[in-house]
Amino acid sequence: MADNNKTGCKLFVANLPTEVEKPDVLDVFTQCGEIVEAHVVHNGKACYAFVTMRTREQAAQGLLFDGSDYGGRRMVVRMARSDSKK
């Protein structure tokens, strides 16, 4: 199942409850399609995630979760910015 051609569109998901774990994020975003990879980051009082969807269309579906209530918090979903400096 290894994919040498790393494709997909990465989403940045913020304002998650601090108790959220990777399976919780997978449960939400598998509704949009195939997840290539997902990482949850706990940073003190903040919790956020990066979710890479297989296609741009699936990522667009994920963007529809922006503003949704998740665990009593308003989830923020954006396309992740490239980490390369120009």
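Trainee: Why does Y48 count as partly exposed?

Mentor: In this predicted model, Y48 has a relative accessibility of 22%; because buried means under 20% and exposed means over 50%, Y48 falls in between and counts as partly exposed.

Trainee: What makes F12 and Y48 an aromatic pair, and why is the pair called tilted?

Mentor: The ring centres of F12 and Y48 are 5.7 Å apart, and the cut-off for a pair is within 6.5 Å, so the two rings qualify as a pair. Their planes make an angle of 50°; since under 30 degrees would count as stacked and over 60 as edge-to-face, the pair is described as tilted.

Trainee: Why can the pair of F12 and Y48 be said to tie together parts that are apart in sequence?

Mentor: F12 belongs to strand β1, residues 9–14, whereas Y48 belongs to strand β3, residues 46–53, so the pair joins parts that are 36 residues apart in sequence.

Trainee: How do you know that F12 and F50 form an aromatic pair as well?

Mentor: For F12 and F50 the distance is 5.4 Å centre to centre, which again satisfies the limit of within 6.5 Å, and with 50° between the planes this pair is tilted. It links F12 in strand β1 with F50 in strand β3, 38 residues apart. F12, Y48 and F50 form one aromatic cluster, and the structure holds four aromatic pairs.

Trainee: Are F12 and F50 buried or partly exposed, and how do you know?

Mentor: F12 has a relative accessibility of 26% and F50 a relative accessible area of 27%; because the buried class ends at 20% and the exposed class begins over 50%, F12 is partly exposed, and F50 is partly exposed.

Trainee: What makes β2 and β6 the edge strands of the sheet?

Mentor: Four strands form an open sheet in the order β2-β3-β1-β6, with antiparallel pairing, and β2 (35–43) and β6 (76–79) each pair on one side only. From one strand to the next, the twist averages 20°.

Trainee: How do you know that β1 and β6 are paired strands?

Mentor: Strand pairing calls for at least two bridges, and β1 and β6 have four, in the antiparallel sense, so the requirement is met. The bridge partner of A14 in β6 is V76.

Trainee: Which strands does helix α2 touch where it packs on the sheet?

Mentor: Helix α2, residues 56–63, touches β1, β3 and β6, and its direction makes about 155° with that of β6. Helix α1, residues 22–29, lies across β1, β2, β3 and β6, running at about 135° to β2.

Terms used
Residues numbered from 1 in each chain as written. Predicted model: local features only at pLDDT ≥ 70, side-chain atom pairs only at ≥ 80, totals over all residues. Heavy atoms only, no water. Phe/Tyr/Trp six-rings, centres within 6.5 Å; stacked < 30°, edge-to-face > 60°. Helix = DSSP H or I, 4+ residues; strand = E, 2+ residues; numbered from the N terminus. Buried < 20%, exposed > 50% of the residue type's maximum accessible area, 1.4 Å probe, protein only. Axes fitted to C-alpha atoms, helices over the stretch in contact; angles between N-to-C directions. Contact = heavy atoms within 4.5 Å.
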